Amino acid sequence: QQSVASFDKSVYNAIMSTLHSSTLLTPIHVTLTDNSSQAASHVGFKRGDNHFSLQIVAEEFDGLTVARRNRLIYMLLGNTMEKIQSLEIDARSPSEM
């Protein structure tokens with residue numbers, strides 16, 4: 001599912017591509033929402049700031065703490081994280097759905 005604001009879609013595309021092509025994670029469900037347009041009214045917002053929320057379900061999250069799930073996402077996104085101002089993550093295993 002996609003929800004893309006009229007901001008830089010290259011970061012959105014990079015996130016989605018990375019999550020779907022990873023050999024460490026096999027997502028069953030991914031929803032990435034670009035919240036950049038909502039953040040544009042925040043004090044200190046700069047053009048090019050990217051704000052996203054991610055909902056992701058994968059077997060690999062089973063038994064992992066929230067912190068480890070988030071670290072796995074950050075590791076997978078690698079250099080793309082440098083282009084993200086804010087990333088809200090909701091990572092779950094299928095048994096938590």
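## Notes on a predicted fold

1. At 33% relative accessibility, R92 counts as partly exposed, and since this is a predicted model, that value, like those below, describes the model. R92 is one partner in a salt bridge, and the other is D90, with the closest N and O atoms of the pair 2.9 Å apart. D90 is partly exposed as well, its relative accessibility being 27%. A reader may want to know why D90 is not called buried; the reason is that buried means under 20% relative accessible area and exposed means over 50%, so that D90, at 27%, counts as partly exposed.

2. How many salt bridges does a search of the whole structure find? The search returns 2. Besides the pair of D90 and R92, there is a salt bridge that E96 forms with R69, where the closest N and O atoms are 2.7 Å apart. E96 belongs to the segment after β4 (86–92), while R69 sits in helix α3 (residues 66–77), so the bridge ties together parts of the protein that are 27 residues apart in sequence. The two partners also have separate surroundings to look at: E96 is partly exposed, at 38% relative accessibility, whereas R69 is buried, with a relative accessible area of 5%.

3. It helps to place these details in the overall plan of the protein. The secondary structure comes to 3 helices and 4 strands, and, when read along the sequence, these elements follow the pattern β-α-β-α-β-α-β. Of the 97 residues in the protein, 39% are buried. If one takes the contacts between residues at least 6 apart in sequence, 66% of them join residues at least 24 apart.

4. The packing of two helices deserves a careful look. The axes of helix α1 (residues 9–21) and α3 come within 9 Å and cross at roughly 110°, and α1 and α3 are therefore roughly perpendicular to each other. On the α1 side the contact is made by I15, T18 and L19, and on the α3 side by I73, L76 and L77. Sorted by class, this contact of α1 with α3 has 5 nonpolar residues, 1 polar residue and no charged residues.

5. V66 is also found in helix α3, and a student may ask whether V66 is buried or exposed. At 57% relative accessibility V66 counts as exposed, because the cut-off for exposed is over 50%. In space, the C-alpha atoms of V66 and I89 are 9.3 Å apart, although the two residues are separated by 23 residues in sequence.

6. Strand β2 (residues 27–34) offers two residues worth inspecting, and T31 is one of them. T31 is buried, its relative accessible area being 7%, and the side chain of T31 is joined to the side chain of H29 by a polar contact of 2.9 Å. D34, which is likewise found in strand β2, is buried with a relative accessible area of 5%. The C-alpha atom of D34 is separated by 8.8 Å from that of K9, and these two residues stand 25 residues apart along the chain.

7. Loop residues should not be passed over. S22 lies in the loop between α1 and β2 and counts as buried, at 15% relative accessibility. What does the side chain of S22 reach? The side chain of S22 reaches the backbone nitrogen of L25, at a distance of 3.1 Å.

8. N50 is placed in the loop between α2 (36–39) and β3 (51–58), and with a relative accessible area of 3% N50 is buried. A polar atom of the N50 side chain lies 2.8 Å from the backbone oxygen of K83. Turning from side chain to C-alpha positions, N50 and S36 are 5.4 Å apart in space, while in sequence they are 14 residues apart.

Definitions and conventions. Residues are numbered from 1 along each chain as its sequence is written. This is a predicted model: local features need pLDDT of at least 70, side-chain atom pairs count only at pLDDT 80 or more; totals for chains, interfaces and linings use all residues. Side-chain values use heavy atoms; hydrogens and water are left out. Buried means under 20% relative accessible area, exposed over 50%, partly exposed in between (1.4 Å probe, protein chains only). A polar contact is a pair of N or O atoms within 3.5 Å; within protein, one must be able to donate a hydrogen and the other to accept it, and residues adjacent in sequence count only if both atoms are side-chain atoms. A salt bridge is a side-chain nitrogen of Lys or Arg within 4 Å of a carboxyl oxygen of Asp or Glu. Axes are lines fitted to C-alpha atoms, for helices over the stretch in contact, and angles run from 0 to 180 degrees between N-to-C directions. Angles under 35 degrees count as roughly parallel, over 145 as roughly antiparallel, 65 to 115 as roughly perpendicular and the rest as oblique. Contact means heavy atoms within 4.5 Å. Ala, Val, Leu, Ile, Met, Phe, Trp, Tyr, Cys and Pro count as nonpolar, Asp, Glu, Lys and Arg as charged, and the others, Gly among them, as polar.
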